[in-house]
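Please load the structure in a viewer and keep the selection tool at hand. The tour below proceeds stop by stop, with a selection to make at each.

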Amino acid sequence: MERWRGRVALVTGASVGIGAAIAVELVRLGMKVVGCARDVAKIQKLAAECQSAGHPGVLVPFKCDLTKEEEILAMFAAIKEQHKGVDVCINNAGLAHPELLLNGKTSGWKNMMDVNVLALSICTREAYQSMKERNVDDGHIVNINGMCGHRVITNPDLHFYTATKYAVTALTEGLRQALRAENSHIRATCISPGLVETEFLSRFYKNNPNKAAGAYSAYKSLEVTDVANAVTYVLSAPPHVQIGDVRMQGTEQV
């Protein structure tokens with residue numbers, strides 16, 4: 001990770017869970033991390049904790065609603081003005097609603113598409129353009145996907161969410177091919193964890209907390225640090241190594 005010290009990373013959805021863990025780890029390793037979320041107060045607290053811990057990097061909180069393209073574009077403009085641009089883009093933000101395919105609410109489907117697919121694509125485009133205009137040819141775009149991006153499980157609550165994660169799989173591979181066609185050495189990776197111990201399920205099943213608790217008791221889930229370590233693993237790979245996908249899950253999950 002030495003070559004990334006002092007360089008700029010954007011982490012979306014950095015206020016809690018996996019995004020917060022990734023942001024803190026990159027700061028610990030000396031990067032300047034712009035962490036964005038709607039709840040910027042939590043990122044401000046993380047930034048203060050990083051500073052108190054004496055981490056060599058810095059966490060820069062940025063309030064951004066990823067469902068609004070104008071806010072994403074304004075964020076990238078601010079990063080350009082204040083930090084020159086983005087060298088690493090971690091598309092972590094994602095959400096799910098238990099909206100069934102047969103009778104789900106369109107608003108829930110649209111919200112999942114807006115964040116999980118469109119915001120990811122807009123951030124990817126803007127990050128690439130930021131790298132290209134500064135002749136950064138060793139950048140990295142990492143999409144936090146999930147095992148749902150590779151298989152359809154027998155839980156109807158998750159089927160539309162699963163479709164958005166299959167889109168992330170296709171978008172990451174399409175990005176890799178597009179970069180290759182441009183003779184670019186910018187790398188594209190998706191990281192696909194299984195069940196992770198976060199607020200995700202408690203939010204997903206906010207009206208049925210027992211269902212969330214049951215999921216965690218049934219499996220040995222991953223921890224957020226496991227995913228953060230996977231991010232640093234792919235970033236640490238030598239420039240000639242392209243890691244396309246990291247699939248990971250708890251040892252008792254099948």
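Is helix 1 largely enclosed by the rest of the structure or largely open? The model is a predicted one, and the tour begins by selecting residues 17-28, which form helix 1. Nine of the 12 residues in this helix are buried, so helix 1 is largely enclosed by the rest of the structure. To see the buried positions, colour Ile 18, Gly 19, Ala 20, Ala 21, Ile 22, Ala 23, Glu 25, Leu 26 and Val 27. A distance drawn from the first C-alpha of helix 1 to its last gives 17 Å, close to the 16 Å expected at 1.5 Å a residue.

**Stop 1: the end of helix 1**

Within helix 1, display the side chains of Glu 25 and Arg 28, which meet in a salt bridge with an N to O distance of 2.8 Å. The two residues are three apart in the helix, about one turn. The spacing has a general basis: an α-helix has 3.6 residues a turn, so residues three or four places apart point the same way. The partners differ in burial: Glu 25 counts as buried because its relative accessibility is 15%, under the 20% limit. Arg 28, with a relative accessible area of 41%, is partly exposed. Then move on to Gly 30, just after helix 1, where phi is positive at about 100°.

**Stop 2: salt bridges elsewhere**

How many salt bridges does the count come to? The total is 13. Select Asp 87 and Arg 134 next; their side chains form a salt bridge at 3.2 Å, N to O. This pair links distant parts of the chain, 47 residues apart: Asp 87 is in the loop between helix 3 (69-83) and strand 4 (88-91), and Arg 134 is in the loop between helix 4 and strand 5. Asp 87 is buried at 6% relative accessibility, whereas Arg 134, at 26%, is partly exposed.

Extend the selection to Arg 3, Arg 7 and Asp 138, which are linked with Asp 87 and Arg 134 in a network of salt bridges.

A further bridge can be shown by selecting Asp 245 and Arg 247, whose side chains meet at 3.4 Å, N to O. Here Arg 247 is exposed, with a relative accessible area of 55%, and Asp 245 is partly exposed, with 28%.

**Stop 3: the aromatic pair**

The structure holds one aromatic pair. Its rings belong to Trp 109 and Phe 160; with centres 5.3 Å apart and planes at 5°, the pair is stacked. Why does this pair tie together parts that are 51 residues apart in sequence? Trp 109 lies in helix 4 and Phe 160 in helix 5, so the contact joins those two helices. A surface coloured by accessibility separates the partners: Trp 109 is partly exposed, with a relative accessible area of 21%, while Phe 160 counts as buried at 16%.

**Stop 4: two asparagines with positive phi**

Select Asn 135, in the loop between helix 4 (106-133) and strand 5 (140-144). Its phi is positive, about 60°, although the residue is not a glycine. Asn 135 counts as exposed, with 70% relative accessibility.

Asn 183 can be selected next, in the loop between helix 5 (159-181) and strand 6 (187-193). Phi of Asn 183 is likewise positive, near 55°, in a residue other than glycine. Is Asn 183 buried or exposed? At 64% relative accessibility, Asn 183 counts as exposed.

**Stop 5: the second largest pocket**

Finally, select Ser 184, His 185, Ile 186, Arg 187 and Gln 242, which lie nearest the centre of the second largest pocket among its 13 lining residues. The volume of this pocket is about 220 Å³.

Which element gives the largest share of the lining of the second largest pocket? Helix 5 does, with three residues. Both helix 5 and strand 6 supply at least two residues each. Colouring the lining by class shows five nonpolar, five polar and three charged residues.

Conventions. Residues numbered from 1 in each chain as written. Predicted model: local features only at pLDDT ≥ 70, side-chain atom pairs only at ≥ 80, totals over all residues. Heavy atoms only, no water. Helix = DSSP H or I, 4+ residues; strand = E, 2+ residues; numbered from the N terminus. Buried < 20%, exposed > 50% of the residue type's maximum accessible area, 1.4 Å probe, protein only. Expected span 1.5 Å × (residues − 1). Phe/Tyr/Trp six-rings, centres within 6.5 Å; stacked < 30°, edge-to-face > 60°. Salt bridge = Lys/Arg side-chain N within 4 Å of Asp/Glu carboxyl O. 1 Å grid on protein atoms, 1.4 Å probe; cavity = no way out; pocket = protein on both sides within 12 Å on 5 of 7 lines; lining within 4 Å. Points joined across faces, edges and corners; volume = space filled by probe spheres on them. Nonpolar A, V, L, I, M, F, W, Y, C, P; charged D, E, K, R; others polar.
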